[in-house]
Amino acid sequence: MAAPKVNLFTGKRCRAINKSKVKDENNNEYPKLIVDAIRCIDRCIIELAPIEAHLNNLRINMFSAEVFYGRDSDEYKRARGQYYNDNACLKNALYQNAEEVLAGFYSFIPNYTVSAPGRIHTFMQNASREMKDAAFKNIKNLRNYDLRSSQAIGLIQQFEIAGLDTTWLENYKNDKQAKHNYAALIGISVDTWKKCLCALLMGGYVPKKYSEKSKADIMHYLMEEAQGDFDLTVDYLSKFSEAVAPLKVELDKWHEWLLSTYAKKIGNYAAGKLYLSNPTGSKLCIDDLPKGKDIWQRKARVAAFVLQGQEAAFIHHLTTLSLQYDYKVLQNEHDGLINIGEVPEPAVQQAAVAAGMKYAVLDEKPLV
């Protein structure tokens, strides 16, 4: 219903929607590329009935898990989390001035926030793949695009600049089944493999031994995959370490090179501090990052800033190029897009050149 929102305790009207943030906490506007990309995604369209059916199935799963396993079980907590997450995503969408544009199809105004590397984020990105499939699958001419092996191709380019060996990354990029093969080799799901590899590329460290108190993302992902089984987690960790050993040698060199060479050559000094920029126009103050025993956090932040900045710039350029070509972007997916209409190859090439990402390849794939 098109009705004003009112705070029931004060009687005052509430703001109708949450607007996208185009300015930072100091009231300075974000870089033009980021702001232009946000403004291009002015409406998103979803189909309500399939989402409601999906949420109903999640509710049934949650109640079933409670009956069979109890409220303290991991099964119930996992099912409850899945339902609450997707239900919250739908509510947020409907609260953004959702209007029925066709029978059963609703248009709403997305609200985006900006992260340090220049990525943009909205609540619908948190939805499960199954919910996204329910929301978008019946929209005519809908396309879901992913940047192929986004972190790997970005890192190949960075390794070449640093004069490092790209063999492991090249083999990974050229093998379309690589993520499945490595996941099977270790005995983990493809999703867990991708999480662990991404954490490694972004500067995460591989623990030498099992520790429940470890703060390493990779350890956390493997423990979660093993559902707390000590022996299984140790086995996963050993196999993962062996699988990425050749890559890890070159990664360590690259992380050192980023701080010792790249940041000093590319960076600029302002008010006595060193700042690094990435292709989105975002800036990172190197001197404000951790030092000493936490130097690994500095390396991780800079690595993420460089790699995610490349990837985000490519997606932002593709988004703004929709104004020149015949496609409409519905949602930013960090390393991909959900849109109506086909993204033509000339647009991909223009975005790759503008973002400085020479190996960028856009793949169309199912939502789930």
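How many bridges join strand β2 to β3, and in which sense do the two strands run? Three bridges, and the strands run antiparallel. Strand β2 covers residues 99-102. One caution before I go on: this is a predicted model.

Let's stay with β3, residues 105-108. It also pairs with strand β1, residues 44-47. That pairing is antiparallel too, over four bridges. Two partners to look for on the screen. Glu-47 has Phe-105 in β3 as its bridge partner. For Glu-100, the partner in β3 is Tyr-106.

Now the turn. The hairpin of β2 and β3 has two residues between the strands. Gly-104 in this hairpin takes a positive phi near 90°.

Two other residues deserve a look for their phi. Most residues other than glycine have a negative phi. Ser-149 has a positive one, near 40°. This serine sits in the loop between β6, residues 142-147, and α5. Ser-149 is partly exposed, at 25% relative accessible area. Ala-271 is the other, with phi near 55°. Its loop runs between β7, residues 268-270, and β8. Is Ala-271 buried or exposed? Exposed, with a relative accessible area of 86%.

On to helix α11. It has 22 residues, 245-266. At 1.5 Å a residue, the helix should span 32 Å. The end C-alpha atoms are 29 Å apart, which agrees. There is a kink, though. It is about 50° and centred on Leu-258.

Leu-258 is also one of the buried residues of α11. Others include Leu-247, Glu-250, Trp-254, His-255 and Tyr-262. What do the buried residues of this helix pack against? Four helices and one strand, as follows: α5 (150-162), α6 (167-174), α8 (190-201), α12 (295-320) and strand β8 (273-277).

That brings me to the core. In soluble globular proteins, nonpolar side chains tend to be buried together. The largest nonpolar core here has 49 residues. Which members touch the most others? Trp-193, Phe-240, Leu-247, Trp-254 and Val-302. Helix α11 gives the largest share of this core, eight residues. There is a second, separate core of 30 residues. Among its members are Val-22, Ile-120, Ala-352 and Ala-360.

Back to Trp-193 for a moment. Leave out residues up to four places away in sequence. Trp-193 then touches residues including Trp-168, Tyr-172, Lys-179 and Tyr-182. Ala-183, Ile-186, Ile-188, Phe-240 and Val-244 are touched by Trp-193 as well.

Last topic: the cysteines. How many disulfides does a search of the whole structure find? Zero. Take Cys-44. The closest cysteine sulfur is in Cys-89, 12 Å away. That is too far for a bond, so Cys-44 is not joined to Cys-89. Cys-44 counts as buried because its relative accessibility is 1%, under the 20% cut-off. Cys-198 is in no disulfide either. The nearest sulfur to it belongs to Cys-196, 10 Å away. Cys-198 is partly exposed, at 30% relative accessible area.

To recap. Strand β3 pairs with β1 over four bridges, and three bridges join β2 to β3. Helix α11 kinks at about 50° and supplies eight residues to the core of 49. The search turned up zero disulfides.

Key
Residues numbered from 1 in each chain as written. Predicted model: local features only at pLDDT ≥ 70, side-chain atom pairs only at ≥ 80, totals over all residues. Heavy atoms only, no water. Pairing = 2+ DSSP bridges. Expected span 1.5 Å × (residues − 1). Bend = angle between axes of the 7 residues up to and from the residue. Buried < 20%, exposed > 50% of the residue type's maximum accessible area, 1.4 Å probe, protein only. Contact = heavy atoms within 4.5 Å. Disulfide = S-S within 2.5 Å. Core = buried A, V, L, I, M, F, W, Y, C linked by side-chain atoms within 4.5 Å.
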